[in-house]
Amino acid sequence: MRQGDKSVLVLGGYGAAGTATATFLGQRIDGNIVLAGRSLEKGRKRAEQLDREAGVTGRFNARSIDVADAAQARQCSHEQDVVIVACDLSVSALENLVHGCIANRADYIDITPNPRKLEVFQGMRTLIETSDSRFVLDAGADPGLPGWLARWLCQASPGTVKDIQMYGRYRSTDIGWGGVADILSAADRQGWKYNGGWTQSRFWDVRYRRFEGGLGSSICVPVFLDELHGLPQELSLECFSFYHAGLNPVTDVLMTFERTGMLGCFSFKSRQRAFYSALKRFTNKPFGLELTAESRGDRASRRVSIGHHDLYRATAIPAAIHCESLLEGSGDESGVRWESLSCSQRDVRKRLLIFKFNSVSKDIIEGFNFILLKIKKNISM
């Protein structure tokens, strides 16, 4: 795609996820890519670095934006076609940003796992749906790809799929302070499964799983994601579960304490500091992401895995696919997308292949061998 007159603003553009997203966009569009954040100096350094990379066709520049300032949050989408959120936002900043996108008729993509955003978008849904803007939530990898993977599995399976069990794990030491806050804030989303309706399972409902891609073995607990809320009804499933592993054994224990409230006597900041320290100290290589879905139906059972050696590049690729689709003017009408990928299943697979073979970066090509070849090889009838 070549869209020389288009402009995309990436909030948190010089962070790990923002940089990875901007990198992929720079290889796919001729337009303007703005790396935005509080530090103009960091943004400029990152923009200069990306401009020097081989195969880049986009134009990178930087902009200082403090989303804690209501006026800046509302105005940052001015003259932008798409705003990508790759950093943690407060509720008030998110509300102001949404109002700004609507006023400036800009589209919005969110790749953060912020558990607070659901309530914000539900409260503003009527306003959003009467606007000209499109809002895509959970546009990264995890959350983001689990919903797409379940849909793909149902479409690829003969007969009727009745039950899907999913397993996921990611491991990285690049998760920042805000990311740790998001993980801890999602502790109450552990222990949920679908069996005719979403119900909380027993505390000892865990699975022990060995993951591909060198991510090792770990205890997994069932979790709930916003993107999965209406998925079982959409796919006419009787049962659905998504078991997720933690980063390392120490953070697993801290997450259990968070879920049970056993450390409630300590401030959230103290618990956040302990988790952050354990993440940095005890999370070992290899890093990356792996998702597996297993289906049972009336005619066959199937298993499919996707993965990537880098968590943030895995997050960036679906976001770039979304952005490219919006810039092309395809996709849905205005409103909120709660599901994972807004393109059709076939179109998304085609676009993943484009990123795989057209990318000039060798490690990206090798990483996406793990994604699409596992779809072909790990299916058992």
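This is a short tour of one predicted model, with a selection to make at each stop.

**Stop 1: the β4–α4–β5 unit.** Select residues 82-85, 91-104 and 107-110. You now have β4, helix α4 and β5, which together form a right-handed β-α-β unit. The two strands, β4 and β5, run parallel and pair over four bridges. To line them up by eye, pick Val85, which sits opposite Asp110 of β5.

**Stop 2: β5 itself.** Keep 107-110 and show side chains. Are the faces of this strand covered or not? Both are: Asp107 and Ile109 are buried on one side, and Tyr108 and Asp110 are buried on the other. Now add 134-136, strand β6, which pairs with β5 in the parallel sense over two bridges. Ile109 is the residue across from Val136 here.

**Stop 3: around β6.** Step back to Ser131, in the loop between α6 (125-129) and β6. With a relative accessibility of 10%, Ser131 falls in the buried class. Its side chain comes to 2.6 Å from the backbone oxygen of Ile128. Then go past the strand to Asp138, in the loop that leads from β6 to α7. Asp138 isn't a glycine, yet its phi is positive, about 50°; it is also buried, at 6% relative accessible area. Stay in that loop between β6 and α7 for Pro143, where the peptide bond from Asp142 is cis, with omega near 10°.

**Stop 4: Glu79.** Jump to the loop between α3 (70-75) and β4. Glu79 is another non-glycine residue with positive phi, near 65°. Buried or exposed? Exposed, at 66% relative accessibility.

**Stop 5: helix α10.** Select 249-260. These 12 residues span 17 Å from first C-alpha to last, close to the expected 16 Å. Colour Thr251, Leu254, Met255 and Glu258, which are buried. Look down the axis of α10: the buried residues fall within an arc of 100°, so they line one face of the helix. That fits the usual geometry: an α-helix has 3.6 residues a turn, so positions three or four apart point the same way. Show 177-185 and 268-282 as well, since α8 and α11 are among what covers the buried residues of α10.

Check the ends, too. At the start, a side-chain oxygen of Asn248 comes within 2.9 Å of the backbone nitrogen of Val250. Just after the helix, Gly261 has a positive phi of about 75°.

**Last stop: Pro286.** Find Pro286 in the loop between α11 and β13 (288-297). The bond joining Lys285 to Pro286 is a cis peptide, with omega about 0°.

Methods:
Residues numbered from 1 in each chain as written. Predicted model: local features only at pLDDT ≥ 70, side-chain atom pairs only at ≥ 80, totals over all residues. Heavy atoms only, no water. Expected span 1.5 Å × (residues − 1). Buried < 20%, exposed > 50% of the residue type's maximum accessible area, 1.4 Å probe, protein only. Arc of directions from axis to C-beta. Contact = heavy atoms within 4.5 Å. Polar contact = N/O pair within 3.5 Å; in protein donor to acceptor, adjacent residues only side chain to side chain. Pairing = 2+ DSSP bridges. Right-handed = clockwise from strand over helix to strand, strands pointing away.
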